[in-house]
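Visitor: Got a minute to go through this one with me? I'd like to start with the pockets and then look at the domains.

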Amino acid sequence: MNPTMTRLAEEEHPNKAFGWAARDSSGVLSPFKFSRRATGEKDVAFKVLYCGICHSDLHMAKNEWGMSVYPLVPGHELVGEVTEVGSKVQKFNVGDRVGVGCVVGSCHSCDSCKNNLENYCPKSILTYGAEYHDGSITYGGYSDTMVADEHFIVRIPDNLPLDVAGPLLCAGITVYSPLRYYGLDKPGLHVGVVGLGGLGHVAVKFAKAMGAKVTVISTSPSKKKEALENLVADSFLVSRDQDQLQGATGTLDGIIDTVSAQHPLFPLLGLLKSHGKLVLVGAPEKPLELPVFPLLQGRKVVGGSLIGGMKETQEMIDFAAKHNVKPDIEVIAMEYVNTAMERLLKADVKYRFVIDIGNTLKATTS
């Protein structure tokens with residue numbers, strides 16, 4: 001490369017960064033040096049202090065969805081402190097507590113974008129492993145710094161600890177948005193939550209904070225104590241126990257189904273009242289069988305939801321801070337990430353891993 005081209009490249013990408021990346025479909029992560037783009041006039045740069053581990057990070061690291069680009073730096077639950085703002089940034093200042101979730105770009109002109117639903121924009125740009133407007137590949141939050149357009153930056157309230165704020169930017173908005181959109185956020189409603197993992201436990205907390213009566217539905221009887229005592233759910237159903245299901249027939253106004261594995265929908269539809277709503281937020285690899293007669297008998301609805309737009313994500317974070325909704329997390333060091341991925345595969349975490357980037361990343365890459 002000639003000297004002029006080298007100089008231009010350095011001017012376009014002067015923000016040196018380091019993190020951990022997967023190099024191939026083995027999914028194994030290791031230290032990785034790279035560059036962030038220069039802080040543009042509408043960009044916010046921040047020091048990453050914490051980053052949650054989402055199950056999709058595992059899928060992407062192993063290219064299980066067939067869309068991964070290597071080297072891949074995962075992480076779309078990142079939070080930290082602003083270090084630099086562009087000349088036209090209006091909402092943020094150096095020192096502010098901020099975060100970035102699953103999306104860092106969109107077209108700003110389609111119907112979804114005009115309605116604050118950037119997450120449904122056909123040209124939305126994911127926080128990592130996607131092509132950005134300038135043709136570069138996006139890198140996620142398993143790294144020491146981040147640069148993003150201020151439109152996709154979320155302000156973290158002062159009374160919300162940064163380590164628990166990270167998972168809210170994916171898991172939190174994934175369950176908060178359908179509770180709001182499908183009208184399951186009214187006090188006194190009876191809401192079911194299927195699955196008690198990273199998504200499910202946050203769904204219970206948000207639904208309770210909204211004033212709902214909450215029933216946890218799980219295949220594991222062993223989770224009953226956790227659901228009723230630690231998460232303060234109102235009741236618990238074992239989804240394989242026909243007697244329990246029969247006794248709860250027609251009792252739920254809505255269900256948030258967080259399960260990503262194959263599972264029958266028929267028993268869940270039977271739990272709904274007339275006009276009840278079954279909302280899927282998990283993503284099973286194979287199609288689920290949808291029985292029609294239970295829908296006809298009671299005008300029931302099956303719907304879906306995928307994260308949320310930026311306006312609603314900020315609303316969710318503010319709600320969580322106001323109502324003390326905090327994910328249950330296990331904070332880990334950066335060098336533990338591969339072990340954490342193995343444990344995540346076995347569902348051996350309550351309920352979300354969070355990497356302490358600020359205190360442990362430099363020690364492993366110096």
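Guide: Sure. One term to begin with: domain bounds here come from an automatic or database domain assignment. And keep in mind that this is a predicted model.

Visitor: Fine. What is the protein divided into?

Guide: Domain 1 (13–168 + 327–354) and domain 2 (170–302).

Visitor: Now the second largest pocket. From which domains does its lining draw at least three residues each?

Guide: From domain 1 and from domain 2.

Visitor: How much space lies in the second largest pocket?

Guide: About 230 Å³. It has 14 lining residues, and the closest to its centre are Leu 117, Tyr 120, Ser 177, Tyr 181 and Glu 312.

Visitor: And which elements give two or more residues to that lining?

Guide: Helix 4 (162–181) and helix 10 (310–323). Helix 10 gives the most, with three residues.

Visitor: How do the lining residues divide by character?

Guide: Four are nonpolar, seven polar and three charged.

Visitor: Switching to closed spaces. How many cavities of 30 Å³ or more turn up in the whole structure?

Guide: One. About 80 Å³ of space lies in it.

Visitor: Which residues line that cavity?

Guide: Gly 101, Cys 102, Val 103, Val 154, Leu 169, Ile 173, Ile 307, Gly 308, Met 310 and Thr 313. Helix 4 and helix 10 each supply at least two residues of this lining.

Visitor: So those two helices come up again. How does the cavity lining divide into nonpolar, polar and charged?

Guide: Seven nonpolar, three polar and no charged. The lining of the second largest pocket, for its part, has three charged residues.

Visitor: Back to the domains. How far apart do their C-alpha centres lie?

Guide: The centres of domain 1 and domain 2 lie 29 Å apart.

Visitor: How many residues are in contact across the two?

Guide: 13 residues of domain 1 are in contact with 15 residues of domain 2.

Visitor: What area do they bury between them?

Guide: About 1,000 Å², with 56% of it on carbon and sulfur atoms.

Visitor: And how many salt bridges are there between the domains?

Guide: Two.

Visitor: Okay, one specific pair. What does Lys 205 form a salt bridge with?

Guide: Asp 328. The closest N and O atoms of Lys 205 and Asp 328 are 2.6 Å apart.

Visitor: Good, that's what I was after. Thanks.

How values were computed
Residues numbered from 1 in each chain as written. Predicted model: local features only at pLDDT ≥ 70, side-chain atom pairs only at ≥ 80, totals over all residues. Heavy atoms only, no water. 1 Å grid on protein atoms, 1.4 Å probe; cavity = no way out; pocket = protein on both sides within 12 Å on 5 of 7 lines; lining within 4 Å. Points joined across faces, edges and corners; volume = space filled by probe spheres on them. Helix = DSSP H or I, 4+ residues; strand = E, 2+ residues; numbered from the N terminus. Nonpolar A, V, L, I, M, F, W, Y, C, P; charged D, E, K, R; others polar. Contact = heavy atoms within 4.5 Å. Buried area = accessible area lost by both parts, 1.4 Å probe. Salt bridge = Lys/Arg side-chain N within 4 Å of Asp/Glu carboxyl O.
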